[in-house]
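Me: I would like to go through this structure one question at a time. Please give the reasoning before each answer.

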Amino acid sequence: MDSDLEEDFDDYHYGIDEDDDYPDSRPTVILMGHKRSGKTSIRKVVFQKMSPNETMFVESTARITRDTICSSFINFETIEFPGQMCPFDDSLDPIGIFQKCEALLFIIDAQAELQEPIATLVEYFCRAYKINQNIKFEVFVHKADGLTEEARVETKFNIYHQVKETIKDQIDVDLQVTYHLTSIYDHSIFEAFSKVVQNLVKQLPTLERLLDVFNNSSKVTKSFLFDILSKIYIATDSEPVEMSIYELCCDMIDVTLDLSSIYGVSENGSNYDERSSSVIRLKSEQIMFLRQVNKHLALVFIMKEDGNEKAGFIDHNFGVFKAGIEQVFKVKNRGVNF
Amino acid sequence: MQAVMALCHFCENHGPRIVMTCQPVRDVEEKESSPNPSTSLDPSTSDSPPGPIVPLIKFDGECEFHHRKQTKSEDGTSYPHYGNCTKFTIDLDDRCSACSSFRNGPCLLSNDHQTRTSYISSEVALQERVYERVKIACLRSLSCERSGDLEENGGTNSSKTPSKAPSKSSSKKPATPRKWRPEVIHEEPINGTRIPPSATVLQEPKEDGAKKALIKEKEEADGCVIFGDVDNGYCFAFVFRVIDAKARGFHRLFSLVVVTNDLTFLTNNFEYFKTTLGGIKTDLQTLAQEVYSKEILLIPKLTDEDIHKPEYQNMVGKSGTPNTKMAIQTDRSLTAVTATEEIWVRLHRHMMWTLRSPTLAFRDRVMEGKPTQDMMVLLELDQSQIVELELHHPNQHSSICRALPLMIEIQNYQRCRPSFMRRVHLKNEAALATRPDNFEGLENEVIKGEVSMAQLANLKIIASQLNASNEPEDLDILIHTLVTGGQVAVESREKECCRQFLLAISNLLPIGCIKLATYKDQYLPEYSSRFNLIGGPHNMDIPLDVSDVIVVRVMPRDLSIVDSDKMSLENCVIEVRRRPENDGSGGGLPQIVKRYRDLLLDADVRDTLLESVLRTTREGWMHKAKICYQMKHHLPASEIFKHITGVGYDDRQVVMYWTAGLSDAYKQHVIASLQHTRHMSIPQTSTTSSR
């Protein structure tokens, strides 16, 4: 496994590197969609911690907005195009932008009329594909909180079929497009963005394997490797993700950070570090653990409370897991970050 | 100035749109004949096929119709303008009220006659090439370029800010990349208040929460920036937001752009544009703020049902303050946002002056000042008198018509009469145009500019010859006779000599006092009162009962010289043939006589200096005459001069005579004022008597 890790070392994109003088090498995630579909709201809720209710007062985005997301573990750049503008306008240097693009997010307002956005989506995906065939295409069927469960499924299904057929008609290629039902009023937007980010992490299979090994060794039901500041999980085990468990883990991070910020602020002002940890016992006879891997990453896992959970046993396995993570993400100043 | 100015708006419905463009259009006949093709933004340089003519708002231009060479231009328009106003642009962009101004309706026009430029404000530029450049500038200013924060950076360029737009000009890599990240999550330390970070996601919208966020963004957005390249021209953009209760986020994004080919022009005038465009911005924002303050009160507040709350909100115990609902109306025009119907006219004026002022900075201009009595009399003179006196020249008697002020005409908005100087100038021009064919004055246009100086030179010659004669008092007698209303008769076999002599000494009198007959073959009795300056043949029979007359004879030494150089009296012998009975020798001389004598005999005072001194002397004594005229309606003749400072006993005759030289307009004004005063005092008198 070590040899595989060495091979991945050269094209590593993630993690903090204070000496990085070439931020343009960061992967780029482009957000597009019709006006008022919720692009800016998503960006602000996920990355700027804006209250969902406050997004009602967000101005119409006029600028092509670039955000560099780099002070947490994840390290990429988002570009948001105003819905009123065509990103492929010659004056905007579309080739330069889309050649660097790794993921293309198209946000559709699920509560609005769909035909026109779908037509735009197809057009943009096809044009972007012609520029860069390595782009990961994602569709956020947004504002899903306003629909019933049946309507959500139906809407997603309709969009999926129309997009698939139209794209095939236009460029005769079966584009791999991923669809997410999202809302800023619940954790679905974080979950969807986690999937997007995971697509950008080249070490994802290794991380999944590490988590699987850890789960099996420690009798853990489900585990997530979180970027705690954005609550985006960059990896999970191979078991399917249940939304309720993901929300529980997000809540646990919030609780831990809240308590830590009140009672655990250190001399340097930081309210958490690589030694932070917490344990919460649920009335459903489950135990949740949070163990800080490094400054930005935390392992959150849940296991049944059957009397076999032994702190030393879990600590040992976590130590091995942590060592594995360090092997995966070799960085120059590992002393600081790992 | 080779630049156009535009107002751009990021429309909620249609994205970046040009709302209004103000462009200067000039007469470019000279340029068109030039072999070098112009690369300027001047619309007339376009080679696009001709399109429909822009309908312009008609304006009066009453003072300019007769002055302009072309009242019907080549492009078929009947309103006065410079350059080519043909519209070559076809704007196919979708628009709503928010991103429209004039649409295809009438646009606005201002004429700057001084620089022969018309400023036309339309929705989009008239010329395709200009339109394309402004369109790119609009897109980049609103959606790409990051302007410098006015408060923090002092309005400097965006080199310090993260100019990360996908443009070639802004791809420069700053030296400290860590400092120019626009959005970095969680970098702010959580200190002091100890608000848990997760709370921000769950908390209710604060009353001012949205506003604070908006203010932050506003600071990031408002400001100015220069960008561009050789291909698309250069642009100075001032980006700002206008508050609107019915816009998303309560703000609408606008930009004012100045587009030109000349980067140096923009950088040289950076502070100027920052100030002027900032003024326009403030004007718009102030208007919008007033409207917003009224409208926001009418919008209902958010209720608890409108706010999404976490499932366990009640357990947490947080209670949010309801905020204002958003009543979004995306297609509100700037007219509605500012509640100002004439907002486009206002903007047109702003833009026109912004473009015009740098042009004027390169041009000296003489301010007009208060009209003198000579000017006013000149307006009242017959055209024949103007021709006779050769008053068409700018230097004659006063500096008339040195400057032609700007005329701006917009119907229903501003009407201005032609300036006083301009009217004087026009009258002179008209008089010259109607000059009779047999007029014996100077026909040579080239030497016309030296007429006045030649007259003053003759005046010096006359003074020196009379002073050098056997009777040196003759000069004083001549001046005394002239300024006190006596008659000066000139005898000569050459009409031109008479004429030059009389014109020369006419410079010593105000225009209103001059009654000139340059040459009469016969002296009729009525001439003694009809003319004070009269010319005639040798041995003119002047009746002896005409006492107050001085007869001067002018004899050319060589007749051939007279033909070759008609203007100069240098080769003439001047002698006084008859002196008036009252030559002033009995008492002291008036001050003005001494003044004139000293000036004329001083060899260092000549030409323009002499002209200026004579003019100011005349004007000074005309002021005294004005006071005298006003006083004589109030006081007995003996009392008048006690109240006029600087007028001695010997000067009284001069001042009394010069009151006749006041303009009719002034006299009527004085009389009307007197009547008004008397009218006002009648009721008081009647009241008193009734008591």
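Me: How many salt bridges does the structure hold over all chains?
Reply: This is a predicted model, and the count is taken from its atoms. Side chains of opposite charge can pair when their charged atoms come close. Over all chains, the number of salt bridges is 30.

Me: Which parts of chain B does the pair Arg140(B) and Asp229(B) tie together, and how many residues apart in sequence are they?
Reply: Arg140(B) and Asp229(B) form a salt bridge, and their closest N and O atoms are 3.9 Å apart. Arg140(B) lies in helix H2, residues 128-143. Asp229(B) lies in strand E6, residues 223-229, so the salt bridge ties helix H2 to strand E6 across a sequence separation of 89 residues.

Me: Is Arg140(B) buried or exposed?
Reply: Buried means under 20% relative accessible area. Its partner Asp229(B), at 23%, counts as partly exposed. Arg140(B) has a relative accessible area of 6%, so the term for Arg140(B) is buried.

Me: Which residues are joined with Arg252(B) into one network of salt bridges?
Reply: Arg252(B) pairs with Asp244(B) in a salt bridge of 2.6 Å, N to O. Arg252(B) is buried at 5% relative accessibility, and Asp244(B) is buried at 1%. Salt bridges that share partners extend this pair into a network, where Arg252(B) is joined with Asp244(B), Glu295(B) and Arg332(B).

Me: How many residues apart in sequence are the parts tied together by Arg579(B) and Asp474(B)?
Reply: The side chains of Arg579(B) and Asp474(B) meet in a salt bridge of 2.7 Å, N to O. Arg579(B) lies in the loop between strand E13 and helix H19, whereas Asp474(B) lies in helix H15. Arg579(B) is partly exposed at 33%, and Asp474(B) is buried at 3%. The parts they tie together are separated in sequence by 105 residues.

Me: What separates the C-alpha atoms of Thr330(B) and Arg248(B)?
Reply: Thr330(B) is in the loop between helix H8 and helix H9 of chain B, and it is buried at 19% relative accessible area. Beyond its neighbours within four places in sequence, Thr330(B) is in contact with Glu12(B), Asn13(B), Ala98(B) and Arg252(B). Thr330(B) and Arg248(B) are 82 residues apart along the chain, and the separation of their C-alpha atoms is 7.9 Å.

Me: Which residue has the backbone oxygen that the side chain of Thr338(B) reaches?
Reply: Thr338(B) lies in helix H9 of chain B and is buried, at 3% relative accessibility. Leaving aside neighbours within four places in sequence, its contacts are Leu284(B), Leu287(B), Ala288(B), Val291(B) and Ile343(B). The side chain also reaches a backbone oxygen at 2.7 Å, and that oxygen belongs to Leu334(B).

Me: What is the phi of Ala339(B)?
Reply: Most residues other than glycine have a negative phi. Ala339(B), in the loop between H9 and helix H10 of chain B, is exposed at 58% relative accessible area. Although Ala339(B) is not a glycine, its phi is positive, at about 55 degrees.

Me: Where in chain A does Asp93(A) lie?
Reply: Asp93(A) is not a glycine, yet it has a positive phi of about 55 degrees. Asp93(A) is partly exposed, with a relative accessible area of 37%. Its place is the loop between strand E3 (76-80) and helix H3 (94-100).

Me: Which residues make the nonpolar surface patch of about 350 Å²?
Reply: One member is found in helix H8 of chain A, residues 243-263. That residue is exposed, at 70% relative accessibility. The patch is made by Val255(A), Leu259(A) and Tyr263(A).

Me: What percentage of the residues of chain B score at least 70 in pLDDT?
Reply: Chain B averages a pLDDT of 71. Over residues 151-219 of chain B the pLDDT is below 50, although this stretch has 130 contacts beyond near neighbours in sequence. Where pLDDT is low, the predicted coordinates should not be read in detail. In chain B, the share of residues that score at least 70 is 63%.

Me: What ipTM does the model score?
Reply: Two scores are given for the model as a whole. The pTM is 0.58, and the ipTM is 0.77.

Definitions and conventions. Residues are numbered from 1 along each chain as its sequence is written. Chains are lettered from A and ligands numbered from 1 in the order in which they are written. This is a predicted model: local features need pLDDT of at least 70, side-chain atom pairs count only at pLDDT 80 or more; totals for chains, interfaces and linings use all residues. Side-chain values use heavy atoms; hydrogens and water are left out. pLDDT is the predictor's confidence in each residue, from 0 to 100. Contact means heavy atoms within 4.5 Å. Patches are made of residues with over 30% relative accessible area and no salt bridge: like charges are joined within 9 Å, nonpolar side chains (Val, Leu, Ile, Met, Phe, Trp, Tyr) within 5 Å. Accessible areas come from the Shrake-Rupley method with a 1.4 Å probe; for residues, only the protein chains shown count as cover. A salt bridge is a side-chain nitrogen of Lys or Arg within 4 Å of a carboxyl oxygen of Asp or Glu. Helices (H or I, at least four residues) and strands (E, at least two) are DSSP runs, numbered from the N terminus. Buried means under 20% relative accessible area, exposed over 50%, partly exposed in between (1.4 Å probe, protein chains only). A polar contact is a pair of N or O atoms within 3.5 Å; within protein, one must be able to donate a hydrogen and the other to accept it, and residues adjacent in sequence count only if both atoms are side-chain atoms.
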